[in-house]
Amino acid sequence: MEEQHYSIAIDGPGGAGKSTIARRAAAELGFVYVDTGAIYRAVACAALSRGIDPSDEDAVSALLPSLQLELRWTEDGVQHVWLNGADISSELRTPAVSTAASRVSALPVVEQQRAVARTHDVIMDGRDIGTVVLPDADVKIFLSASPEVRARRRWLELQEKGTPDTYEAVLADLIARDERDSNRAIAPLRPADDAVLLDTSGMTLQESIDAILKLIRKKVTV
């Protein structure tokens, strides 16, 4: 009898705290955390390094066959992304790559993500997990917060990394990215019909994690 594996889909716009919350929830539950956005960021990183416009879908699609993408996890559950034999995880969170990733994320790069879910209990976060990647997920959550709150969170994160972007610039970029993600032709950002909506604008990080765990434990016995 094939072993049953649980899948949790967490979607939402940029700056909603998906990655941090999903990673912490996965550690609490003993699940594998899959940052699907990192795959798109890796494609974006490769495109930028080769001088390819991330908005040029034909050029990016032509690039994909030459990319060997692999997700690996350390013993403590930290995901690393390897591209053509090199660990590029530290290169994936720059503002340039973030902007480029939102332009390439309309490409159908999903089979690798589904393969992980077939063999592990997973929590995946992204922008189209519940609608496209894992439409049959056991739990679907759409995580959000106001643009101002999300921009402040992202700005503080960038400040800690020494990136000199202003709050106003981060907010403008976030709003523009929301617009692109919501209106793209393939897999636009939207809640799945059966997703639970969770607004974390007034929550602390720990309160957000606790709320996610509560929603998951209502439907999944772990």
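**Briefing: charges, burial and spacing in a predicted model**

At 34% relative accessibility, Asn84 counts as partly exposed. The model is predicted. Asn84 sits in the loop between strand E4 (79-83) and E5. Its phi is positive, about 50 degrees, although Asn84 is not a glycine. Most residues other than glycine have a negative phi. The structure also holds 7 salt bridges, and three of its charged residues, Arg127, Arg177 and Asp181, are joined into one network by bridges that share partners.

**The Arg127, Arg177 and Asp181 network**

- Arg127 and Asp181 meet through their side chains in a salt bridge, at 2.7 Å from N to O. Arg127 lies in the loop between E6 and H6, and Asp181 lies in helix H8 (residues 167-183), so this pair ties together parts that are 54 residues apart in sequence.
- Arg177 and Asp181 form a salt bridge as well, with an N to O distance of 3.9 Å. Both residues lie in helix H8. They are 4 residues apart, about one turn of the helix.
- Shared partners link these bridges, so to speak, at the level of one network: Arg127, Arg177 and Asp181.
- Is Asp181 buried or exposed? Asp181 is buried, because its relative accessible area is 0% and the cut-off for buried is under 20%.
- Arg177 is buried too, at 8% relative accessibility.
- Arg127 counts as buried at 14%.

**A salt bridge between partly exposed residues**

- Arg72 pairs with Glu70 in a salt bridge. Their closest N and O atoms are 3.2 Å apart.
- Arg72 is partly exposed, with a relative accessible area of 34%.
- Glu70 is partly exposed, with a value of 37%.

**Asp128 and its contacts**

- Asp128 is found in the loop between strand E6 (122-126) and helix H6 (129-133).
- Its relative accessible area is 5%, so Asp128 is buried.
- Which residues does Asp128 contact, leaving aside neighbours within four places in sequence? The contacts are Asp11, Tyr40, Val133, Arg184 and Ala187.

**Negative surface patch**

- Asp53, Asp56, Glu57 and Asp58 form a negative surface patch.
- Asp53 belongs to the loop between helix H2 (37-49) and helix H3 (57-63).
- Asp53 counts as partly exposed, because its relative accessibility is 44% and partly exposed covers the range between the 20% and 50% cut-offs.

**Helix H4 and its cover**

- Helix H4 spans residues 95-104. Its buried residues are Val97, Ser98, Ala100, Ala101, Ser102 and Val104.
- What covers these buried residues? The cover includes H2, H3 and H8.
- Helix H8 also holds both Arg177 and Asp181.

**Pro147 in helix H7**

- Pro147 is placed in helix H7 (residues 147-160).
- With a relative accessible area of 28%, Pro147 is partly exposed.
- Not counting residues up to four places away in sequence, Pro147 touches Leu171, Leu174 and Ile175.
- Pro147 and Asp173 are 26 residues apart in sequence. Their C-alpha atoms are 10 Å apart in space.

**Ala86 in strand E5**

- Ala86 lies in strand E5 (residues 86-87).
- Ala86 is partly exposed, at 35% relative accessible area.
- How are Ala86 and Ser146 separated in space? Their C-alpha atoms are 37 Å apart, with their positions 60 residues apart along the chain.

**Thr221 after helix H9**

- Thr221 is placed in the segment after helix H9 (205-219).
- Thr221 is exposed, because its relative accessible area is 68% and the cut-off for exposed is over 50%.
- Thr221 and Ser144 are 77 residues apart along the chain. The separation of their C-alpha atoms is 25 Å.

Note on methods: Residues are numbered from 1 along each chain as its sequence is written. This is a predicted model: local features need pLDDT of at least 70, side-chain atom pairs count only at pLDDT 80 or more; totals for chains, interfaces and linings use all residues. Side-chain values use heavy atoms; hydrogens and water are left out. Helices (H or I, at least four residues) and strands (E, at least two) are DSSP runs, numbered from the N terminus. Buried means under 20% relative accessible area, exposed over 50%, partly exposed in between (1.4 Å probe, protein chains only). Contact means heavy atoms within 4.5 Å. Patches are made of residues with over 30% relative accessible area and no salt bridge: like charges are joined within 9 Å, nonpolar side chains (Val, Leu, Ile, Met, Phe, Trp, Tyr) within 5 Å. Accessible areas come from the Shrake-Rupley method with a 1.4 Å probe; for residues, only the protein chains shown count as cover. A salt bridge is a side-chain nitrogen of Lys or Arg within 4 Å of a carboxyl oxygen of Asp or Glu. Lys and Arg count as positive and Asp and Glu as negative; His and the chain ends are not counted. The place of a charge is taken as NZ of Lys, CZ of Arg, CG of Asp or CD of Glu.
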